[in-house]
Each structure stands twice: as structure tokens, then as C-alpha cells.
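I set out to record, entry by entry, what I looked up in this structure. The notes begin with a single residue and widen from there to the whole chain.

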Amino acid sequence: MGLLTGILTLPLAPLRGTAWVVDQVLLAAEREYYDPEPVRAQLAALVDDLANGRVDAEEFDRREDALLDRLDEIEEYRRRPGNGS
């Protein structure tokens, strides 16, 4: 960036800084939302709940399907270019 450009765009610096912060927050939120570990932990807890009689088979199937669908969504997101880990 040239000196003249830097001087002329100086009033926009707070806006650029704010945009950078928003981008960082969005990236952190996406990383957290698309992390498969919490879903796997929920699946393990659900299996434990079934084994200990805290949920019946019907409730287990319903919740397991939802969690497996979530894992599929996460896997699909991670396969997209630029999103994988």
C-alpha cells in the first residue's frame, strides 16, 4: 500500500479492523459448529443412556438418527475444498 493510499484510506481503518474481527469470530464459530467430537460424545452418552435404561429403544433410535445426520452434515462440510481439517 502506498503512502498516499494509506493516508487517504486511514479513516477506513476502524472499519477494516471490525471486518477482520467479524471474520475471525465467524471462522471460530464454524470450527466449533463443524467439530465432530461433541456429536460423537453425545452418541456415546446416548448409548450409555440406553444401556442403563434412561431412554427406551424408540427414543434412542430417534436421537441416534439425528446425531448420525449431524455427523453426515459435518463430514460433507469437511470434504468441501477449503473447509477440511
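**Entry 1: Asp 48.** I am working from a predicted model. I looked up the accessibility of Asp 48 and found 39%; since exposed requires over 50% and buried under 20%, Asp 48 counts as partly exposed. I located Asp 48 in helix α3. I then took its C-alpha distance to Arg 70 and noted 19 Å, for a sequence separation of 22 residues.

**Entry 2: Asp 49.** I turned to Asp 49, which also belongs to helix α3. Is Asp 49 buried or exposed? Its relative accessible area is 18%, and the limit for buried is under 20%, so I entered Asp 49 as buried. I listed its contacts beyond the neighbours within four places in sequence, and they are Arg 54, Val 55 and Arg 63.

**Entry 3: Arg 70.** I placed Arg 70 in helix α4. I read a relative accessible area of 16% for Arg 70, and therefore recorded this residue as buried. Which residues is Arg 70 in contact with, leaving aside its neighbours within four places in sequence? I found Tyr 33, Tyr 34 and Val 39.

**Entry 4: helix α4.** I checked the length of α4, which covers residues 57-79. At 1.5 Å a residue, its 23 residues should span 33 Å; I found the end C-alpha atoms 32 Å apart, which agrees with the expectation. I next listed the buried residues of α4: Phe 60, Leu 67, Arg 70, Leu 71, Ile 74 and Tyr 77. For the spacing of such a list I kept a general rule in mind: an α-helix has 3.6 residues a turn, so residues three or four places apart point the same way. I asked what the buried residues of α4 pack against. The partners are α2 (13-33) and α3 (36-51).

**Entry 5: Gly 82.** I moved on to the segment after α4, where Gly 82 is found. The relative accessibility of Gly 82 is 81%, so I entered Gly 82 as exposed. I compared its position with Ala 57: the two are 25 residues apart in sequence, and their C-alpha atoms are 39 Å apart in space.

**Entry 6: the chain as a whole.** I counted four helices and zero strands in the protein chain. Read from the N terminus, the order of elements is α-α-α-α. I looked up the radius of gyration and found 22 Å, whereas a compact globule of 85 residues would have a value near 12 Å. The C-alpha trace spans about 70 × 25 × 15 Å along its principal axes.

**Entry 7: burial, contacts and surface.** How much of the chain is buried? I noted 15% of the 85 residues. Of the contacts between residues at least 6 apart in sequence, 54% join residues at least 24 apart. I recorded an exposed area of about 6700 Å² for the protein chain, with 59% of it supplied by carbon and sulfur atoms.

**Entry 8: charge.** I tallied 10 positive and 18 negative side chains in the protein chain. I took the centres of the two sets and found them 8 Å apart.

Methods
Residues numbered from 1 in each chain as written. Predicted model: local features only at pLDDT ≥ 70, side-chain atom pairs only at ≥ 80, totals over all residues. Heavy atoms only, no water. Helix = DSSP H or I, 4+ residues; strand = E, 2+ residues; numbered from the N terminus. Rg over C-alpha atoms; globule rule 2.2 N^0.38 Å. Buried < 20%, exposed > 50% of the residue type's maximum accessible area, 1.4 Å probe, protein only. Contact = heavy atoms within 4.5 Å. Areas by Shrake-Rupley, 256 points an atom, 1.4 Å probe, with all protein chains shown as cover. Lys, Arg positive; Asp, Glu negative; His and termini not counted. Charge placed at Lys NZ, Arg CZ, Asp CG, Glu CD. Expected span 1.5 Å × (residues − 1).
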